[in-house]
Amino acid sequence: MTTLLESPEQYMTTPGLQENKEQYWRDGYTVLRGLYTNEEIAAYRSEVNRLWNLDGLDDDLNLRTEFRRGPDGRYTFDRLDPVLDISPGMTDAAKHPALLAALETLLDGSPEVLKCKLIRKEPGTNGYIPHQDFLYWRWLNEAPDRLCTAVINLYPSDARSGGLGFYRGTHHELLPGPADNPEADCDPTALNASTIDVPALEAGDVLVFHSLAVHFSGRNAAEVPRTVLLPSYCATDDRGLYRRYYQREVVRRCKEMVGFERYFERNADI
Ligand SMILES: O=C(O)CCC(=O)C(=O)O
């Protein structure tokens, strides 16, 4: 499916990428543009439609789907995680040579996929509280500077549609949770609201952020779903990272019953 407009080598030498790299290390995130053709984005959109209509995705016990409060306050599934194993199209997007080449420049190392999820936030669906991804990745024993996430936008996205927001410059350390729970996600009251930035993105734009960058997203108040593919990467030559990640994640979800909330709500009488 991949058709490159330009070679990865060409992309690596464009002046824009050096500016992206400076912004990434200064602010903790940056937006890459022009990596995908319009045809590729159109093909990825069709692939998302196919995925979202697969049988069994809405099954409460499907390990790939996680639920979030929807517009009516009820659970709705908003993500497929993992997704690459059931989607050649999403694999094409996450391993696109132009994206991998750009990430190699940003991270100064060869990027390996750590995990990858697809989020489709329907109108009215809630977002995510401020957090640092690295809090959940400490067990990997990788340096935070080597880990990042790319947000591949399949439709335009902004604050109104529940796009990602960042607290600029928070990617230097792991921040503690509230005083009564320091191991939890960072304390929102300790964050400086004047540093918030919610980049407005076009279809095909790729937002790349550092594993320690504090980020959040709001409710989708727009009329169309916000759809993004989120592959995370590690600059490493360890080819076993993806397997290591999901082996642990599947066990964790079962143990902590992540995503099964609706099952118990629906079957309270059994
Ligand atoms: O895309 C979103 O709405 C939030 C995703 C996010 O924060 C995450 O997956 O860490």
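**Exercise 1. Confidence and overall form**

What pLDDT does the protein average, and what share of the residues score at least 70? Then decide how its radius of gyration fits a compact globule.

*Solution.* Let's begin with confidence, since this is a predicted model. The average pLDDT is 92, and 94% of the residues reach at least 70. Residues 1-6 are another matter: their pLDDT is below 50, and the stretch has 13 contacts in the model beyond near neighbours in sequence. Where pLDDT is low, the predicted coordinates should not be read in detail.

Next comes the overall form. A compact globule of 270 residues would have a radius of gyration near 18 Å, and the protein agrees because its own value is 18 Å. Along the principal axes, the C-alpha atoms fill a box of roughly 60 × 45 × 40 Å. Of the 270 residues, 33% count as buried. Finally, take contacts between residues at least 6 apart in sequence: 84% of them join residues at least 24 apart.

**Exercise 2. From hairpin to S4**

Find the strands that form a hairpin with 5 residues between them, and follow the pairing onward from S3 to S4.

*Solution.* The protein has 7 helices and 11 strands, and the hairpin is made by S2 and S3. Strand S2 covers residues 65-69 and strand S3 residues 75-80; they run antiparallel, joined by 5 bridges. Look in the turn for Gly73, which has a positive phi of about 85°.

Now step across the strands. Thr65 has Leu80 in S3 as its bridge partner. Leu80 in turn stands opposite Leu118 in S4. Strand S4 (residues 111-121) runs antiparallel to S3, with 2 bridges between them.

**Exercise 3. An open sheet**

Work out the strand order of the open sheet with 4 strands, and say whether the pairing is parallel or antiparallel.

*Solution.* A reminder helps here: strands of a sheet pair through backbone hydrogen bonds, either parallel or antiparallel. In this sheet the order is S5-S10-S7-S8 and the pairing is antiparallel. At the edges lie strand S5 (128-131) and strand S8 (196-197), each pairing on one side only. Strand S7 (residues 164-167) pairs with S10 over 3 bridges, and Gly165 stands opposite Phe216 in S10.

**Exercise 4. Around the ligand**

Which strands each supply at least two residues of the shell around the ligand?

*Solution.* List the shell to start: Ile119, Gly127, Tyr128, Asp133, Gly162, Leu164, His215, Ser217, Val228 and Leu230. Strand S10 (215-217) and strand S11 (226-235) are the ones that each give at least two. Sorting the shell by class gives 5 nonpolar, 4 polar and 1 charged residues.

**Exercise 5. Two helices**

Which residues of helix H5 are buried, and why is Arg252 in helix H6 classed as exposed?

*Solution.* Helix H5 spans residues 97-107, where Ala98, Leu99, Ala101, Ala102, Leu103, Leu106 and Leu107 are buried. To read such a list, recall that an α-helix has 3.6 residues a turn, so residues three or four places apart point the same way. Just after H5, Asp108 takes a positive phi of about 55°.

Move on to helix H6 (residues 241-256), where Arg252 is found. The cut-off for exposed is 12 or fewer other C-beta atoms within 10 Å. Arg252 is exposed because it has 11. As a last check on distance, Arg252 and Asp238 are 14 residues apart along the chain, and their C-alpha atoms are separated by 22 Å.

Definitions and conventions. Residues numbered from 1 in each chain as written. Predicted model: local features only at pLDDT ≥ 70, side-chain atom pairs only at ≥ 80, totals over all residues. Near = placed C-beta within 6 Å. Nonpolar A, V, L, I, M, F, W, Y, C, P; charged D, E, K, R; others polar. Pairing = 2+ DSSP bridges. Buried ≥ 20, exposed ≤ 12 C-beta atoms within 10 Å, placed from the backbone. pLDDT = per-residue confidence, 0-100. Contact = placed C-beta atoms within 7 Å. Rg over C-alpha atoms; globule rule 2.2 N^0.38 Å.
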